[in-house]
Amino acid sequence: MATRNFRTFTVLPNLPKEMQGLQELTYNLWWCWNHDAIALFRRIDEKLFEKAEHSPVRLLATVGQERLEQLKDDEGYMAHLARVFEAQHRYLTSATWFHDTYLKKANDAEAAVRQHRIAYFSAEFGLHESVPIYSGGLGLLAGDHLKSASDLGLPLVGVGLMYREGYFRQYLNVDGWQQERYPENDFFNLPLISQPGADGTPLVVSVPLPGRDVAIRVWKIDVGRIPLYLLDTNIPQNSAEDRQITSRLYGGDHDMRIRQEMVLGIGGMRALRAMGKEPAVCHMNEGHSAFCGLERIRVMMEEHKLDFAAAREAVSAGTCFTTHTPVPAGNDVFAPQLIQHYFAGYLPHLHIDWNDFLGLGRQNPRDFNEPFCMTVLALRLSNISNGVSALHGKVSRHMWKAIWPNLPEAEIPITSITNGVHTRSWMAGDFSALYDRYLGAHWDQRPTDHTVWKKVDNIPNAELWRTHERRRERLVVYARGRLRLQLERRGATPSEINRADEVLDPEALTIGFARRFATYKRGTLIFRNIERLAAILNNKDRPVQIIFAGKAHPRDHGGKELIAEIVHVCRRPEFRRRMVFIEDYDINVARVMVQGVDIWLNNPRRPFEASGTSGMKACINGGLNLSILDGWWCEGYNGDNGWAIGAGEEYSDNDRTYQDDIESRAIYDLLEQEIVPMFYNRSSDGTPRGWVNYMKQSIKTCCPVFNTHRQVEDYTKRCYIPSARRYAQLTTDNLKSAADLSAWRRKLQREWGQVRIENVLADGKDAMHVGAEFEVEARINLGNLAPDDVEVQLFHGIIDNAGEIPQPSTVAMSTNGSSHGQTWLFKGKIRCTTSGHYGYTVRVLPHHDHLGNSFEPGLVCWG
């Protein structure tokens, strides 16, 4: 068929002049975390707003002109519009935490912003259900990160991909088996702004692929104060094959994945440079974008005539990396041949050989059979790396310890910053109004302040309970409506469809389980003893009900089997009114569920839940967690703010059946003996006082900690600001400091083999008393290195049964500056602070004023 060429044009809503502010509100996602703004759009046409999946752009595109004229003459609506428009203007122009903390005293504010500019790279962003470029937790975390960065005023930009089809839409066939469909995103009914280039035409950059350059158009979505730039290869300049690169999120094979990641990392950096927004700090949210580090190195080499090593020093200083997966299979790996195919034209610009290049993505650079891992590349190109909970940090240090083989596991340079959620985005309007009344009108500007949340105690128990009950009632109505639509789509009989109105009880204890259906999350664990579960759910006086939702990856057969099993159980006569599975899990379904459930159930195999954030969202709305002690709940649980399944035990793969038996019984025991009785033990006014006390404890202890304001502040203080300062230090004076650091590192690698600890002497006795201290002397041969090149430490602590020191303390040892040839005398003192069986040794680490940390080179000499 001959190709038809169409001339295109865009039709915009014909808003009355008095309502032009509505267009401006529509194209900034600030509205989606402001309840008054949401109400403004809902007021236009509530049914149409629902049909448009809560998209103001689609709403305005489909609402009739007659309705707009009616609203123009509605004084109440126009006052509402003016109020919301003024609130947005006030938000965008007011002082922020970042400005007051870091920029207020700067002589040149614009230069200060440039010196602190952060680029946040992520393969997905979950901002709102009307912008379907996310799949699950990683994207929701990224979206919430941008929203809090906006609230706090960070000079941050987001970089991602603009998927034409996004992640799949789920539906189930008659047998309960997951099916996928991929509707195309209509870019012109999304809050997308075409990013102009210098000449005013749409900005297009390119990325080299074998035999051609792929053109990339840049779009922008405003997220409050934060611009999110999205890259799109579906443009006429590209071949049909290359237009598919940004078609689907997590779709395709390894070949497609590497092309997507080159577009994200290399194309993202080129887009930022083309817009004049080159960052001081790049934050890679997972390893998908790790190629951005290579592109920064290439540019720095060309502009400043540096070698690869010197440019790498500067780029690493300005790079942070967050890993989200606790299992090796969750990390992208590529065969060396695939890397060589795609980077054959790129490698000459880096002036290194293939072994050095491939070594960047290998735990052991000398193992030529090891595949190329994006997480390893990200770790090697960053100066700060972190997991997303304290436990996940520990798991990550164990998982990647081979990169630093000489270091104790506890000192592997991967820290942790626990995830959070954007409070306003996930809070029900009812709870927002309740908090306004009792926490103060500006509580949401201080979501990390414990003193604010302690005022929850001032909320009358009955009022808190009634607010929560209204949310449960709305959840039940919503679930019934979704079930009816699902039955209609599957061609059910009228009697079956009508029975949808009989499922669930708005007054019954409601459990929610909604997440990605991976096998380790054990979505069917609660079915382990089906008879016992039936007795719990169908108790006439104390009924319990469960609402399920979630998607399995299209290629995850095991996850699909779990969904099918749940659907089959839901259809059994004894469960038909007590359990329901809501199809096509998305942000909207998640929001309704976390705002309405009484219990949020989470039962993964520890330690495979890196963090988890859905339970945090339930806390905001008075829901209580019933969870394995994994991810964030290890830090959140305190004994009277929810329930723990087990005591943090971990089992081997051979014990999985035993583990499932033990932990399912623990769930049943908690439900029967604690949760159900507490829920139904009512006072004279119908309020379950014990339950409400747990609700208040959960809100007071979890909300001020597990929010993205705290998270973003942590990243700013621990990652962004230190990285920006290191980057500034290494890039001044034509990157002289970076070149010096690179030369020092080469000397270190060359000379480190000569370093040895010749002897260690101590004046302590075998039996010491608390409060005593003793001096240790060490004679150390540094070869051709100087004392300033090293840090000598006393490494000491309690010895465990394996003869190791799992929680070491260190004391810096000093030298008086005199040497005997190449041997130097170092001294230090150990103070005995507690009793126990202790041990110590001496070690030597590299030291340089511009080194991010002494562990990063992976070199250590032990006594």
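At what angle do helix 19 and helix 21 pack, and how far apart are their axes?

**Entry 1: the helix pair.** I began by noting that the model is predicted. Two packed helices are described by the angle between their axes and the distance between the axes. I therefore looked up both values for this pair: helix 19, residues 429-439, and helix 21, residues 461-489, pack at about 165 degrees, and their axes are 10 Å apart. Because an angle over 145 degrees counts as roughly antiparallel, I recorded helix 19 as roughly antiparallel to helix 21. I also noted that the crossing of helix 19 past helix 21 is right-handed.

**Entry 2: the residues in contact.** I then asked which residues of the two helices meet. From helix 19, I listed D430, F431, L434, R437 and Y438. On the side of helix 21, they meet E463, L464, T467, H468, R470, R471 and R474. I sorted the residues of this contact into six charged, four nonpolar and two polar.

**Entry 3: R424.** I turned next to R424, which I located in helix 18, residues 423-426. Is R424 buried or exposed? I found a relative accessible area of 16% for R424, so this residue is buried.

I looked up the polar contacts of the R424 side chain as well. One, of 2.3 Å, is with the side chain of S432. Another, of 3.2 Å, joins the side chain of R424 to that of D444.

Finally, I set aside the neighbours of R424 within four places in sequence and listed its contacts: W33, H35, S432, D436, W443 and D444.

How values were computed: Residues numbered from 1 in each chain as written. Predicted model: local features only at pLDDT ≥ 70, side-chain atom pairs only at ≥ 80, totals over all residues. Heavy atoms only, no water. Axes fitted to C-alpha atoms, helices over the stretch in contact; angles between N-to-C directions. Helix = DSSP H or I, 4+ residues; strand = E, 2+ residues; numbered from the N terminus. Parallel < 35°, antiparallel > 145°, perpendicular 65-115°, else oblique. Left-handed = near helix turned anticlockwise from the far one by under 90°. Contact = heavy atoms within 4.5 Å. Nonpolar A, V, L, I, M, F, W, Y, C, P; charged D, E, K, R; others polar. Buried < 20%, exposed > 50% of the residue type's maximum accessible area, 1.4 Å probe, protein only. Polar contact = N/O pair within 3.5 Å; in protein donor to acceptor, adjacent residues only side chain to side chain.
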